[in-house]
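Biologist: I've just opened this one and don't know my way around yet. Can you walk me through it?
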Amino acid sequence: MRHRFATMLVAATVVVIAASASAHHSVSGQYDSSKPLSLTGVISKVDWINPHIYLHLDVKDKDGAVTSWTLSTLPTAMMRRAGLTKESLQGKPGEVVTITAIAARDETKKLGWISKITYADGHHVQLGRD
């Protein structure tokens, strides 16, 4: 009886840990592909960290008010293999970029998952489906 309970407890623990890990890394769990975004602004900061890189984009509205968005993308290892660096994502200081992304499911936060970054000179970095 004890052995059976211990086996069930271990199995339940594995399921909970696996579900948590899957949910943490699930783009579709945190972001809604039916909510596309096109944001134009200046990248104010790049957090080149694991498990995902974050870009901070300052977006001005028509009245001049600035809203800061936190936009997530791929892990650092994948970016390095693609030949991208923190500096190449940052662009030139003050450069206006357009980012295509999908919005977070939690609409109270200014969060998104990046699909594409288009820089002022027209070159772009494709990071996901458009």
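Modeller: Sure. Start with S3 and S5. Strand S3 covers residues 66–72, and 3 bridges pair it with S5 in the parallel sense. Within that pairing, Ser72 has Trp113 of S5 as its bridge partner. Keep in mind that this is a predicted model.

Biologist: Noted. How many helices and strands are there in the chain?
Modeller: The chain has 4 helices and 6 strands. Along the sequence the pattern reads α-α-β-β-β-α-α-β-β-β.

Biologist: Back to S5. In which sense does S4 pair with S5?
Modeller: Antiparallel, over 6 bridges, with S4 spanning residues 96–104. A hairpin of 6 residues joins S4 to S5. Look for Ile99: Ile117 of S5 stands opposite.

Biologist: And which residue of S6 is the bridge partner of Ile117?
Modeller: Val125. S6 is residues 124–126, and it runs antiparallel to S5, joined by 3 bridges. The hairpin of S5 and S6 has 5 residues between the strands, and Gly122 there takes a positive phi near 100°.

Biologist: Is S5 mostly covered or open?
Modeller: Mostly covered. Of the 8 residues in S5, 6 are buried. For the chain as a whole, 32% of the 130 residues count as buried.

Biologist: New topic. How many aromatic pairs turn up in the whole structure?
Modeller: The search finds 1. Tyr31 and Trp113 make that pair, and it is tilted. The centres are 5.8 Å apart, with 45° between the planes.

Biologist: Why does that pair tie together parts far along the sequence from each other?
Modeller: Tyr31 sits in strand S1, residues 31–47, while Trp113 sits in strand S5, residues 111–118, so the pair ties together parts 82 residues apart in sequence.

Biologist: Are those two buried or exposed?
Modeller: Tyr31 is buried, at 9% relative accessible area. Trp113 has 12% relative accessibility and counts as buried too. The cut-off for buried is under 20%.

Biologist: Let's do the other strands. How do S1 and S2 pair?
Modeller: In the antiparallel sense, over 5 bridges. A hairpin through 6 residues joins S1 to S2. In this pairing, Lys45 stands opposite His56 of S2.

Biologist: And S2 with S3, over how many bridges?
Modeller: S2 and S3 pair over 7 bridges, again antiparallel. Lys60 stands opposite Val66 in S3. Their hairpin has 5 residues between the strands, and Gly64 takes a positive phi near 90°.

Biologist: What about the inside? Which residues of the largest nonpolar core touch the most other members?
Modeller: Leu55, Leu57, Ile99 and Ile117, out of 28 residues in that core. The elements giving two or more residues to this core are S1, S2 (54–60), S3, S4 and S5. S4 gives the most, with 6 residues.

Biologist: Ile99 again! What does Ile99 touch?
Modeller: Leaving out residues up to four places away in sequence, Ile99 touches Leu37, Ser38, Leu39, Leu55, Leu57, Leu71, Ile114, Lys116 and Ile117.

Biologist: Last one, zooming out. What share of the chain's contacts join residues at least 24 apart?
Modeller: Among contacts between residues at least 6 apart in sequence, 52%.

Biologist: And the surface, how much does the chain expose?
Modeller: About 8400 Å². Carbon and sulfur atoms supply 60% of that area.

Key. Residues are numbered from 1 along each chain as its sequence is written. This is a predicted model: local features need pLDDT of at least 70, side-chain atom pairs count only at pLDDT 80 or more; totals for chains, interfaces and linings use all residues. Side-chain values use heavy atoms; hydrogens and water are left out. Buried means under 20% relative accessible area, exposed over 50%, partly exposed in between (1.4 Å probe, protein chains only). Contact means heavy atoms within 4.5 Å. Accessible areas come from the Shrake-Rupley method with a 1.4 Å probe; for residues, only the protein chains shown count as cover. Rings of Phe, Tyr and Trp (its six-membered ring) pair if their centres lie within 6.5 Å; planes under 30 degrees apart count as stacked, over 60 as edge-to-face and the rest as tilted. Two strands pair if DSSP finds at least two bridges between them. A nonpolar core is a set of buried Ala, Val, Leu, Ile, Met, Phe, Trp, Tyr and Cys residues joined through side-chain atoms within 4.5 Å.
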